[in-house]
Protein chains: 2
Amino acid sequence: MASAIEVIAEVGFAQASLARIAAHADISKGVISYHFAGKEELMVEVVERTYGAIAEHVLTKMQGLQSATELLRTHVLSVAEHMRGHRTQLKALGEIFTNLRTADGKLRYGIKASEPTYLALEGIYRLGQESGEFRDFDVRVMAVTHSSAVDTMFAYWMAHPGHDLDAHARELADLLERACVT
Amino acid sequence: MASAIEVIAEVGFAQASLARIAAHADISKGVISYHFAGKEELMVEVVERTYGAIAEHVLTKMQGLQSATELLRTHVLSVAEHMRGHRTQLKALGEIFTNLRTADGKLRYGIKASEPTYLALEGIYRLGQESGEFRDFDVRVMAVTHSSAVDTMFAYWMAHPGHDLDAHARELADLLERACVT
DNA sequence: CTAGATTTTGGCCGTGCGGTCAGAAATTGA
DNA sequence: TCAATTTCTGACCGCACGGCCAAAATCTAG
């Protein structure tokens, strides 16, 4: 499966054929079909494993925090921290999230698959509004914006390796916080 | 070419074969090869025409404005306005921007192709800092965040047709402004 | 009206895709 | 040691891809 991640990250989802993945792993294509019901299942496995790792990392970092401001800042910074150590996996995750389609042509993930992330982020922003830390605003718009800003921070850093990911994360945390405060 | 836009918007870039595009236009595949040097050139034509239309619309709306705050708000609102009237074209544009690759497998566009947009947005934010309207912050991070927030506003609206695009745009303009003010 | 130019058709090509599976190789447990 | 089981190989399959091109159809200018 590590080969699937590396090939997808390197050549993109569309060019990540079973032949290329198998060649990269130095195995036969038939091994993939033997272990997975199909290419889609392989991809789903990659997503679940990779996504689970991010979620675990971020949740661990946010454990025990009570302030909405701290939670929001920790979310951005801890995702960036995880990104730095897992660039190949996250690249592959993004490719699959954006492109994987089911047999009937529909997107398997796509933006609707971000709903759990949106709900979690809304929870943080709503907590801030309830505690008085934050002003009144549309938490859905803020959650959608927050999520996309984090994704693009990664994409930008991937395209510009010299870019300071942590500085970007701090700056992003600042602007998200300032957008909310009373 | 309208057929290319509609097919790409409907089934996604990867499934938008020349056969499907031709069938949608009720023409033969050979016509495409006759008029365009290849599939890539057809896609580039779609991008240039569609992107040019957005740029023209937004620039027209921003003409004569002097306040950085007005410029930033007008950018967000006028892009949303254009989106409402060109959802199919913008869907196709996004698909091509994200997925089109050259013969040697490299992304034709990708995030580096957003550099002109980033530079333009940086100009607005820098103007605000120079005039005293805005505080001191990393204009590149703000530009990258602004651009991705606008793109995701569209993607979210495409996935949730009941979502109020204009309300989202106003809310986004608010949070971008608040993130910047002194 | 017609020759020449332009546009279109649709079958064909080589290539690559995901998936299959008979048989080989490796592993396991008694 | 060996039968049974598991894992792997790699050739093969039908399908779809982008692109090509000879021939047909349409258009244009004189």
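In this predicted model, the side chain of A:Ser28 has an N or O atom 2.3 Å from a base nitrogen of DNA strand D. That pair is a polar contact, meaning two N or O atoms within 3.5 Å; within protein, one must be able to donate a hydrogen and the other to accept it, and residues adjacent in sequence count only if both atoms are side-chain atoms. Here are some of these contacts, for both DNA strands:

| Residue | Part of the residue | DNA atom | Distance |
|---|---|---|---|
| A:Ser28 | side-chain N or O | base nitrogen, strand D | 2.3 Å |
| A:His35 | polar side-chain atom | phosphate oxygen, strand D | 2.6 Å |
| B:Lys29 | side-chain N or O | base oxygen, strand D | 2.5 Å |
| B:Ser28 | polar side-chain atom | base nitrogen, strand C | 2.4 Å |
| A:Lys29 | polar side-chain atom | base oxygen, strand C | 2.5 Å |
| A:Leu18 | backbone N or O | phosphate oxygen, strand C | 2.8 Å |

Let's stay with strand D for a moment. The residues around it include A:Tyr34, B:Ser17 and B:Gly38; being near a strand takes a heavy atom within 4 Å of it. H3 of chain A and H3 of chain B each give at least two residues to this surface, and H3(A) has the largest share, with four. Helices here are DSSP runs of H or I with at least four residues, numbered from the N terminus.

Now for strand C, which has 13 residues around it, with A:Lys39 and B:His35 among those that come nearest. The largest share of this surface, four residues, is from H3(B). Sorted by class, the surface has four nonpolar, seven polar and two charged residues. For that count, Ala, Val, Leu, Ile, Met, Phe, Trp, Tyr, Cys and Pro are nonpolar, Asp, Glu, Lys and Arg are charged, and the others, Gly among them, are polar.

How do the two protein chains relate? Rotating by 180° with 0.0 Å of shift along the axis puts chain A on chain B, with an RMSD of 0.0 Å. The two copies are therefore related as by a two-fold rotation axis. The superposition is by least squares on C-alpha atoms of residues with pLDDT of at least 70 in both. In chain A, A:Ala179 has the C-alpha nearest the axis, 2.1 Å away.

A few ground rules: residues count from 1 along each chain as its sequence is written, and chains are lettered from A and ligands numbered from 1 in the order written. Local features need pLDDT of at least 70, side-chain atom pairs need 80 or more, and totals for chains, interfaces and linings use all residues, while side-chain values use heavy atoms, leaving out hydrogens and water.
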